[in-house]
Amino acid sequence: MSKNADPLAELFAAAKAAQAKAHAPYSKYRVGAALRAPDGTIYAGGNVENASYPEGWCAETSAIAAMAAAGGRRIAEICVIGDGEALCTPCGGCRQRIREFADDATIVHIAGPDGVRATFRLAALLPESFGPGHFPRQAK
Ligand code: THU
């Protein structure tokens, strides 16, 4: 099977590879995130913790930063992977960060080591959200 034959498998593989590179020496909870832009490009990243605990950041934030640094401004689909029994759903702050580049219908996959466990629309994770469309149009 070619690499692109199963787009979700490819997104999952990218998230898993990013999880392996996460820097999580304090929580020991490695997370990976991979997002697909509308042009098919995948951006990924892991959580990056810090000895000054509050300064660490989440995997979703790393993936979004990679996308933005490359000029991307749209998330078509995102996959987040974490270990353990519980679903590694994005934290509240990351739901809002995803929202900046996505909308109610955007698909969020939550994976464990063996594959995708659950799939949500962003609206289910962040209902009645505030987003870029809330700002009144500026007069030019
Ligand atoms: N974490 C993420 O990277 N993404 C999530 O969706 C949930 C939590 C990270 C933050 C911290 O480094 C570790 O997981 C434990 O909270």
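Visitor: How far does a backbone N or O atom of Thr 89 lie from an oxygen atom of the ligand?

Guide: This is a predicted model, where local features need pLDDT of at least 70, side-chain atom pairs count only at pLDDT 80 or more, and totals for chains, interfaces and linings use all residues. Residues are numbered from 1 along each chain as its sequence is written, and side-chain values use heavy atoms, leaving out hydrogens and water. From a backbone N or O atom of Thr 89 to an oxygen atom of the ligand, the distance is 3.3 Å.

Visitor: What share of the ligand's area does the protein bury?

Guide: Besides Thr 89, the side chain of Asn 47 has an N or O atom 2.9 Å from a ligand oxygen, and a polar side-chain atom of Glu 60 lies 2.6 Å from one. Taken alone, the ligand exposes 370 Å² (Shrake-Rupley method, 1.4 Å probe). Of that area, the protein buries 76%.

Visitor: How many residues of the shell around the ligand are charged?

Guide: The residues around the ligand (a heavy atom within 4 Å of it) include Ser 27, Tyr 29, Asn 47, Glu 49, Glu 60 and Cys 91. The shell has 6 nonpolar and 3 polar members. The number of charged ones is 2.

Visitor: Why does Arg 36 count as buried?

Guide: Arg 36 sits in strand 1 (strands are DSSP E runs of at least two residues). Its contacts (heavy atoms within 4.5 Å), not counting residues up to four places away in sequence, include Leu 8, Glu 10, Thr 41 and Glu 77. The side chain of Arg 36 also reaches the backbone oxygen of Pro 7 at 2.6 Å. Arg 36 counts as buried (under 20% relative accessible area, 1.4 Å probe, protein chains only) because its relative accessibility is 12%.

Visitor: Which element gives the largest share of the largest nonpolar core?

Guide: This core (buried Ala, Val, Leu, Ile, Met, Phe, Trp, Tyr and Cys joined through side-chain atoms within 4.5 Å) has 21 residues, and those touching the most other members are Leu 35, Ile 75, Ile 78, Val 80 and Ile 98. Elements giving it two or more residues are strand 1, strand 3, strand 4, helix 4 and helix 2. The largest share, 4 residues, comes from helix 2.

Visitor: Which residue with a positive phi follows helix 2?

Guide: Helix 2 spans residues 59-69, with Ala 59, Ile 64 and Met 67 among its buried residues. Cover for those buried residues includes strand 2 and helix 3. With a positive phi near 95°, the residue that follows helix 2 is Gly 71.

Methods. Buried < 20%, exposed > 50% of the residue type's maximum accessible area, 1.4 Å probe, protein only. Polar contact = N/O pair within 3.5 Å; in protein donor to acceptor, adjacent residues only side chain to side chain. Nonpolar A, V, L, I, M, F, W, Y, C, P; charged D, E, K, R; others polar.
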